[in-house]
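Here are my notes for a first reading of this structure. They are in numbered points, to be read with the model open.

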Amino acid sequence: MNTAMKGSTLTAPHFLSKADGTDGFHADREPKLRIAPGTGEQITFETDDEAYAQMHEFKSMDKVTATLNPLTGPVYVEGAESGDVLAVKIHDIQFPSEIGWSVYLPGAGALAEPMGDEMYTRKIKLTDGQAHVTDEISVPMKPMIGCIGVAASDVTMSTVMPSYPTGGNMDLTDAAPGSTVYLPVQVEGARLYIGDLHAVMSRGESSFVAIEAAGEATVSVDLIKAPGEGNSLARLRAPRVETENEIIAVGLGDPVQDSIVMAYESLFDVLTTDKGLSNEDAYTIMSAVAHTELGGPTGSTAPDPLHPFRAIGAVTLARIEKEHLG
């Protein structure tokens, strides 16, 4: 799988430009593409980093006019309607500009206290599969999608905070090439948006900002129509991610304990419903090898407008390696 950061744009049947980006997951926005699911056709979403470039130039949020985490889309999926599940396969991510950003937003993230009140920015070179985070230290790039989701029926989802049952700015390192992201559909056409690409990100995103970069994410879509009771997707309350080696259930809740319970319950449903395990077997296996961790830092409830970067609630991931499921 090619996740190289050099060269021309990916060759794909459909290319959606960042030039027509938007500031939220809108249910009523005119689709930029209509596509039939299950054909294997690939769609490349070009994403933008202008907000970070402006932060680097001005060192002040007051002077930033660009949208933070602008989205490209939506893609209207033919036949999708409420009760279905959209399966988004991530094929590739590239960063043609070879530039990324490390940014500290005053008051944001777990390191706000030691970082203080001054904005910090750093331009990061992305070359030869490495993010050059300091003059002496480079780390391997692990491209991922920060914002991925379908429109909600009752709210225009933010591109910043929180995470939602239908996706959003989830900041999950597992939303990477080779993974499939499952999203519960709430509106006709699903209306898929993608934005906020990361060259590499710490799990949990301690600083609230990863190594951000403009780039191109290529995906394809399939549709699970009205999953029946014999499929755990029929009870999908939040996104799910499947990688080559793991199944990852997302839990949302306030307080954090509620997000932990949702994530564990959702994973338990996979084991009992999809894998056919008894409750007792699933319980025992999960006791041994199912792990939880905090997901992205964006919370599960809209933040107080007076403190827009302070999360309320939590995102929890429950994960299990497929090798333990036979």
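1. Proline 74 sits in strand E5, which covers residues 71-77. The peptide bond that leads into it from glycine 73 is cis, with omega near 10°. Another cis bond runs from methionine 161 to proline 162, with omega near 0°. Proline 162 belongs to a loop, between strand E12 (157-158) and strand E13 (163-164). Most peptide bonds are trans, so both places deserve a look.

2. This is a predicted model. The mean pLDDT of the protein chain is 94, and 96% of its residues reach 70 or more. Over residues 1-11, however, the pLDDT is below 50, and this stretch has 29 contacts in the model beyond near neighbours in sequence.

3. Which residues touch the most other members of the largest nonpolar core? They are Val75, Leu86, Leu126, Ile145, Ile148 and Leu192, in a core of 47 residues. Strand E16 (residues 190-200) gives the most to this core, namely six residues. A second, separate core has 14 residues, including Tyr52, Val103, Val160 and Met161.

4. Leucine 86 can serve as an entry point to the largest core, as one of the residues that touch the most other members. Setting aside residues up to four places away in sequence, leucine 86 touches, among others, Val77, Val150, Tyr182, Leu192, Val221 and Leu223. Asp222 is also on its list of contacts.

5. Two residues other than glycine have a positive phi: aspartate 128, at about 55°, and aspartate 196, near 60°. Aspartate 128 is in the loop between strand E8 (120-127) and strand E9 (130-132), and counts as exposed because its relative accessibility is 68%. Aspartate 196 is found in strand E16 and is buried, with a relative accessible area of 6%.

6. The structure holds 13 salt bridges. In one of them, the side chains of aspartate 84 and lysine 225 meet at 2.8 Å, N to O. These partners are 141 residues apart: aspartate 84 is in the loop between E5 and strand E6 (85-94), and lysine 225 in the loop between strand E18 (216-224) and strand E19 (240-242). Is each partner buried or exposed? Aspartate 84 is buried, at 2% relative accessible area, whereas lysine 225 is partly exposed, at 41%.

7. Glutamate 293 and arginine 203 form a salt bridge whose closest N and O atoms are 2.4 Å apart. This pair links strand E21, which holds glutamate 293, to the loop between E16 and strand E17 (211-212), which holds arginine 203. Glutamate 293 is partly exposed, at 21% relative accessible area, and arginine 203 is exposed, at 53%.

8. A further salt bridge joins arginine 240 and aspartate 274 (3.9 Å, N to O). Arginine 240 is in strand E19 and aspartate 274 in helix H3, 34 residues apart. Arginine 240 counts as buried because its relative accessibility is 8%, while aspartate 274 is partly exposed, at 33%. Through shared partners, salt bridges also join Asp174, Arg203, Glu246, Glu293 and Arg319 into one network.

9. On the surface, Val256, Ile260, Tyr264 and Leu294 make a nonpolar patch of about 300 Å². Helix H3 (residues 256-274) supplies the largest share, three residues. Leucine 294 lies in strand E21 (residues 291-294) and is exposed, with a relative accessible area of 53%. Nonpolar side chains tend to be buried together in soluble globular proteins, so the patch is worth noting.

How values were computed. Residues numbered from 1 in each chain as written. Predicted model: local features only at pLDDT ≥ 70, side-chain atom pairs only at ≥ 80, totals over all residues. Heavy atoms only, no water. Core = buried A, V, L, I, M, F, W, Y, C linked by side-chain atoms within 4.5 Å. Buried < 20%, exposed > 50% of the residue type's maximum accessible area, 1.4 Å probe, protein only. Helix = DSSP H or I, 4+ residues; strand = E, 2+ residues; numbered from the N terminus. Contact = heavy atoms within 4.5 Å. pLDDT = per-residue confidence, 0-100. Patch = residues over 30% accessible without salt bridge, like charges linked within 9 Å, V, L, I, M, F, W, Y side chains within 5 Å. Areas by Shrake-Rupley, 256 points an atom, 1.4 Å probe, with all protein chains shown as cover. Salt bridge = Lys/Arg side-chain N within 4 Å of Asp/Glu carboxyl O.
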